[in-house]
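This report goes through the sheet, the packing around it and the charged pairs of one model. The sequence and structure come first.

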Amino acid sequence: MIQADAKLELVEFLLSSVDASVCAQRGLEWLGSNASVGKALLATAAGDPDRLWGIAALGISPARTGEFVLDLEDRREALVAVAWSGKPSHFRPGRKQPETPLEGVPFHAVPLRPDPALPPLGVLLLEGEQSDLDQDV
């Protein structure tokens, strides 16, 4: 369980910052330090409502992060389907695992979609062995 003071420190930073990519990067670094996440990637619809672009990552090169893109119109693609569903999903290595910069590790895909009437805002990919997502994450 993550300590309340660590959560408060992150919230204070996020509230005081105006740059979305800086907030995203700091949030992923916080997950790495506080939730034992080794690899993560955040893709958002920043500037392009039809696609989700990698804007921040942990344990992944900036070049691979920036190359990651999901076309929100391709709802047959597993990660796009998760983004539209509004429900997290867990992917294990194998033929059915979507290709990502996380390079074949098991991971969770967490959609960022606060309003089901609107398109997804993004998707968070987090390395994780367990099929259940940590509640603190």
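Is β5 mostly covered or mostly open, and how many of its residues are buried? β5 is mostly covered, with 5 of its 6 residues buried. The model is a predicted one, and every value below is computed from it.

**The sheet**

β5 belongs to an open sheet of 6 strands, ordered β3-β2-β1-β6-β5-β4 and paired antiparallel. The edge strands are β3 (69-71) and β4, each of which pairs on one side only. Averaged over the sheet and ignoring direction, neighbouring strands are turned by 20° against each other. In general, the strands of a sheet pair through backbone hydrogen bonds, in a parallel or an antiparallel sense.

Three of the pairings can be followed through to individual residues. β5 and β6 run antiparallel and are joined by 6 bridges, and here Val 110 stands opposite Leu 124 in β6. Between β1 and β6 (residues 122-127) there are 5 bridges, again in the antiparallel sense; Leu 42 stands opposite Leu 124 there. β4 and β5 are paired antiparallel over 3 bridges, with Phe 91 opposite Phe 107 in β5.

Leu 124, located in strand β6, therefore deserves a look of its own, as its relative accessibility of 13% makes it buried. Its C-alpha is 4.9 Å from that of Val 110, although the two residues are 14 apart in sequence. Leaving out residues up to four places away in sequence, Leu 124 touches Leu 28, Leu 31, Leu 41, Leu 42, His 108, Ala 109 and Val 110.

**Helices on the sheet and the nonpolar cores**

Two helices are described against the sheet. α2 lies across β1, β2 (51-58) and β6, and runs at about 50° to β2. Helix α4 (residues 78-85) packs on the sheet, where it touches β2, β3, β4, β5 and β6; the direction of α4 makes about 45° with that of β5.

In soluble globular proteins, nonpolar side chains tend to be buried together. The largest nonpolar core of this model has 20 residues, and Leu 79, Ala 109 and Leu 125 touch the most other members. Two or more residues each come from β1, β2, α4, β5 and β6. The contribution of α4 is the most, at 5 residues.

Leu 125 has contacts with Lys 39, Ala 40, Leu 41, Phe 68, Leu 79, Thr 100, Leu 102, Phe 107, His 108 and Ala 109, residues up to four places away in sequence not being counted. Another core, of 16 residues, lies apart from the largest one; Ala 24, Leu 31, Ala 35 and Val 37 are among its members.

**Salt bridges**

The structure holds 4 salt bridges. The table gives three pairs, including the N to O distance of each.

| Pair | N to O distance | Relative accessibility |
|---|---|---|
| Lys 39 and Glu 103 | 3.6 Å | Lys 39 19%, Glu 103 53% |
| Asp 48 and Arg 51 | 3.4 Å | Asp 48 17%, Arg 51 32% |
| Arg 64 and Glu 103 | 3.0 Å | Arg 64 30%, Glu 103 53% |

What does the salt bridge between Lys 39 and Glu 103 tie together? Lys 39 sits in the loop between α2 (20-34) and β1 (40-44), and Glu 103 in the loop between β4 (89-91) and β5 (107-112), so this pair links parts that are 64 residues apart in sequence. Lys 39 counts as buried because its relative accessible area, 19%, is under the 20% limit. Glu 103, at 53%, is exposed because the value is over 50%.

Glu 103 also meets Arg 64 in a salt bridge. Arg 64 lies in helix α3 (residues 62-67) and Glu 103 in the loop between β4 and β5, so the pair ties together parts 39 residues apart in sequence. Through shared partners, salt bridges join Lys 39, Arg 64 and Glu 103 into one network. Within this network Arg 64 is partly exposed, at 30% relative accessibility.

In the pair of Asp 48 and Arg 51, Asp 48 is buried, whereas Arg 51 is partly exposed.

Technical notes: Residues are numbered from 1 along each chain as its sequence is written. This is a predicted model: local features need pLDDT of at least 70, side-chain atom pairs count only at pLDDT 80 or more; totals for chains, interfaces and linings use all residues. Side-chain values use heavy atoms; hydrogens and water are left out. A salt bridge is a side-chain nitrogen of Lys or Arg within 4 Å of a carboxyl oxygen of Asp or Glu. Helices (H or I, at least four residues) and strands (E, at least two) are DSSP runs, numbered from the N terminus. Buried means under 20% relative accessible area, exposed over 50%, partly exposed in between (1.4 Å probe, protein chains only). Two strands pair if DSSP finds at least two bridges between them. Axes are lines fitted to C-alpha atoms, for helices over the stretch in contact, and angles run from 0 to 180 degrees between N-to-C directions. Contact means heavy atoms within 4.5 Å. A nonpolar core is a set of buried Ala, Val, Leu, Ile, Met, Phe, Trp, Tyr and Cys residues joined through side-chain atoms within 4.5 Å.
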